[in-house]
Structures are given as structure tokens and as C-alpha cells.
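Got your viewer open? Let's take a short walk through this model, one selection at a time.

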Amino acid sequence: MAVLESAGSTIHFETQLAPLMNIIEQGKYSKVFVFTDGNTSEICLPVFREMLDDFSEFDLIETDPGEENKNIDFCIGIWKTLLDFEADRKCLMINLGGGVITDMGGFIASTYKRGIHFINIPTTLLAQVDASVGGKTGIDIDNVKNMVGTFTLPQAVFIETAFLKTLPERELLSGFAEMIKHGLIADQDYYQALKTSDYKNPAAEAIFRSVEIKNEVVTTDPQEQNLRKILNFGHTIGHAVESYALSNNPMPLTHGEAIAIGMVCEAFLSHRNSTLTAAELEDITTYILSLYPAYTIVPESFDDLLALMQSDKKNEHGQVMFSLLENIGHCGYNCIVTTQDIKESLNYFNNFYTNKPA
Ligand code: ADP
Ligand code: ZN
């Protein structure tokens, strides 16, 4: 369908992986590895093989699914596996899976023997619209997300909606939150178009637009000095809510569910501290709440959430920084907000779920 150039690496859309064989042949790689988790080797690898006419000249490296396995222990195991396979610096790693696989596979590849080539084939909506651009690789330390990693670009990225057919609804909704964010921070028309679309069936054109927006922002600011911070809209509060739920709730939130909560709270802060109008705040709130499951940010957690926001790695000089909407389609960054306003934004969210008939 289309191609996007992203700082020297190419993102291919809906090509049925056709250019991949060329890349492999032209790269004259000594070996090809495909890196998957237990689910994607079962569900996505057959689709991958079929697209490549039963291409089988690769070794499979499989890890356990789930964010809890995106850690250094698993990396050590995989570096050793690469050594056992006698992988040299001319080998290629193809990461086939969600964000866990593309983040961790990218990290393993970017550090093994000081760096080997890798290709990302994201198979979740979240990884397609978010992790596919920007060259961030990384792993978690003690459940703190992406604490160690590199900025390394893959040789290429392939986005195929065919992989999304098997993705559970909850995972689709998780990725959809980032698409809504892209509309809110950069493109009002795109946001309006998403509102009439079906998240269960994301169109390739919409995924393309999201990736294009992210690519424009990241290309302007590759090292996250300034403009890139707008991608953080919904994430200051969203990440805190996500981490808190991970450690305290039996049923943790997905990334997108947490970001949806964060976007409602930060839209409130945008109205209070920036120029977002009351009508825009209502529009955003109504739309997001119509999509995502009911949730309460328990008041006992407020202080822990504030502490988590304080420790966000994006802060500078110990000051919590927000990216706030100026209107739907434009976002500012480096906004400072009072603790009182943050708490009010959490209450604003909660008020939609309390005092309501069951
Ligand atoms: P992310 O949501 O960050 O992309 P993961 O890599 O953890 O995260 O993927 C979420 C879950 O979905 C994992 O259990 C993974 O194995 C599974 N998964 C990934 N791609 C697919 C797919 N195309 N179909 C079904 N399940 C998938
Ligand atoms: Zn995110």
C-alpha cells in the first residue's frame, strides 16, 4: 500500500512482506533469526511463513509472552542462545510480535556483539501505531518500564493488518488509545474520523495516519528534547495509574486502558491550565468513556500516584512536566501543574463512575 521513510529506516505497509526477501538477500546475512513469544510463534508465525511462500531458512528463538518477561534475565538467555547458534555480527534478527518482542528483540540485537541488524514486524495494534517508529528499544528493571535501552533503528518495519485478525478485543482497544492520542495532539480531522470508526476493525489508512503523525513528531525531535514530549499526552497520569494497577490490582490495566484514563484526566488539566475549551473537554471525555471499561482511581492511591509521577523518567529537575492540549489537534509541553489540580483531575475522572445507578 505505502511506504514511510523514518530517519533512515523504512516502514512498509500492507505489502504481504514482499520486500522482506529482497532485504534478506541484499543484506547477505550469515544467518536469520526470528524472535517470537509463545503466542506469536503459534498464531503469527504461520501467517508470516505463508506470506513468504514457506520461507524456512531461519532459526526460531522463542520467549515467554508478557511484559513481566521483558527483563535482563531473559535477555541473557537469548544472548547465550545466539552464541550457541554461533551468530556473528552479520546475522539478522526478525522480531515478530507485540511491543514486548519488538522492544526486547531490538535491545538484544542492538547490543549483541555491539549491534546486529534487526527488522520489526509488530503484530499488535499498539506496537504497530506506537513502537514501530522512533527507534526505542528497551527492557524493564524491577517492573519499572523501559529503564534500560537504546535508540537504535531497525533496518525496516513491516505493518500488516492481517496479523490483527487474531488479536483479542482488549488488545485492539489498547492500541486504539494511542490512535486517539495522535488525533488529539496533532490532527483534529483524524480524531473526528476515528470517532466514527470501529476499533475492532482498524483500517490500514488509519494506522498509516497514526504512524505518519508519530513519525513527523519523532523526526523533528529524535532525542526527545522538546516536541516529542507531546507524544506523552495522557501518559504522565496514565503511566502512574498503570504502574499502580500493576502492583496493587489483581487485574492490571492494559497500557491503552491506563492511557485512556490519563487522557481524560489530562484533558481536564488542559482545560484548567491551557486553552482547551469546556466543550472540547466534554467531547473527549464522552468519547473515551464510551469506549473503555468503568474504573475507579481509588482515593487511597492518590499519594502513591503523585509519587509515581514524581519519579517519571521524563521529568527534569524533579519537576513533574505535563503535555497539555491547547485544543483538539494541538498540544503543548513542559506545563507545570499544581498537586491540587492533579488530584482534582483524578476526582473529575472518578465522578463519572460514582453516584451513578448500577
Ligand atoms: P503490546 O501490547 O505492548 O504490543 P505484548 O507484546 O505483550 O504487548 O502483546 C500482547 C499480547 O498479545 C501477548 O500475549 C502476545 O503474545 C499477544 N499477541 C501479539 N500479537 C498477537 C496477534 N497478532 N494475535 C494474537 N495475540 C497476539
Ligand atoms: Zn503509550
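Start by selecting ligand 1 and the residues of the shell around it: you'll find eight nonpolar, seven polar and two charged ones. Keep in mind as you look that this is a predicted model.

Which residues come nearest to ligand 1? Of the 17 around it, they are Asp 37, Gly 99, Thr 123, Thr 124 and Thr 166. Now colour three helices: H2 (38-43), H5 (99-111) and H6 (125-131) each supply at least two residues of this shell. The biggest giver is H2, with three residues.

Next, zoom in on some individual contacts:

- Click Gly 99: a polar backbone atom here is 2.6 Å from an oxygen atom of ligand 1.
- Move on to Val 100, where a polar backbone atom sits 3.1 Å from an oxygen atom of the ligand.
- Then pick Thr 123, which has a polar side-chain atom 2.8 Å from a nitrogen atom of ligand 1.

How much of the ligand does the protein cover? On its own, ligand 1 has 570 Å² of accessible area, and the protein covers 86% of that.

Second stop: select ligand 2, a zinc ion. Show Glu 178, His 235 and His 255 as sticks, and you have the protein donors of the zinc, lying 1.9 to 2.1 Å from it. The donor atoms are OE of Glu 178 and NE2 of both histidines. Look at the two histidines in the cartoon view: His 235 lies in helix H10 (residues 235-248) and His 255 in helix H11 (residues 255-273), so the pair ties together parts that are 20 residues apart in sequence. Are these histidines buried or exposed? Both His 235 and His 255 are buried.

Last stop: the aromatic rings. A search of the whole structure turns up ten aromatic pairs. Try Phe 48 and Phe 58, an edge-to-face pair with 5.9 Å centre to centre and 80° between the planes. Phe 48 belongs to helix H3 (residues 45-51), while Phe 58 is in the loop between H3 and strand E4 (59-63), ten residues apart. Phe 48 is buried, at 0% relative accessible area, and Phe 58 is buried too, at 10%. Add Phe 55 to your selection, and you'll see a cluster of Phe 48, Phe 55 and Phe 58 linked by ring pairs.

Finally, jump to Tyr 348 and Phe 352. Their ring centres are 5.1 Å apart and their planes stand at 90°, so this pair is edge-to-face. Tyr 348 is buried, at 16% relative accessible area, whereas Phe 352, at 24%, counts as partly exposed.

Notes: Residues numbered from 1 in each chain as written. Chains lettered and ligands numbered in written order. Predicted model: local features only at pLDDT ≥ 70, side-chain atom pairs only at ≥ 80, totals over all residues. Heavy atoms only, no water. Donors = N, O, S within 2.8 Å, 3.2 Å for Na, K, Ca; no water. Helix = DSSP H or I, 4+ residues; strand = E, 2+ residues; numbered from the N terminus. Buried < 20%, exposed > 50% of the residue type's maximum accessible area, 1.4 Å probe, protein only. Near = heavy atom within 4 Å. Polar contact = N/O pair within 3.5 Å; in protein donor to acceptor, adjacent residues only side chain to side chain. Areas by Shrake-Rupley, 256 points an atom, 1.4 Å probe, with all protein chains shown as cover. Nonpolar A, V, L, I, M, F, W, Y, C, P; charged D, E, K, R; others polar. Phe/Tyr/Trp six-rings, centres within 6.5 Å; stacked < 30°, edge-to-face > 60°.
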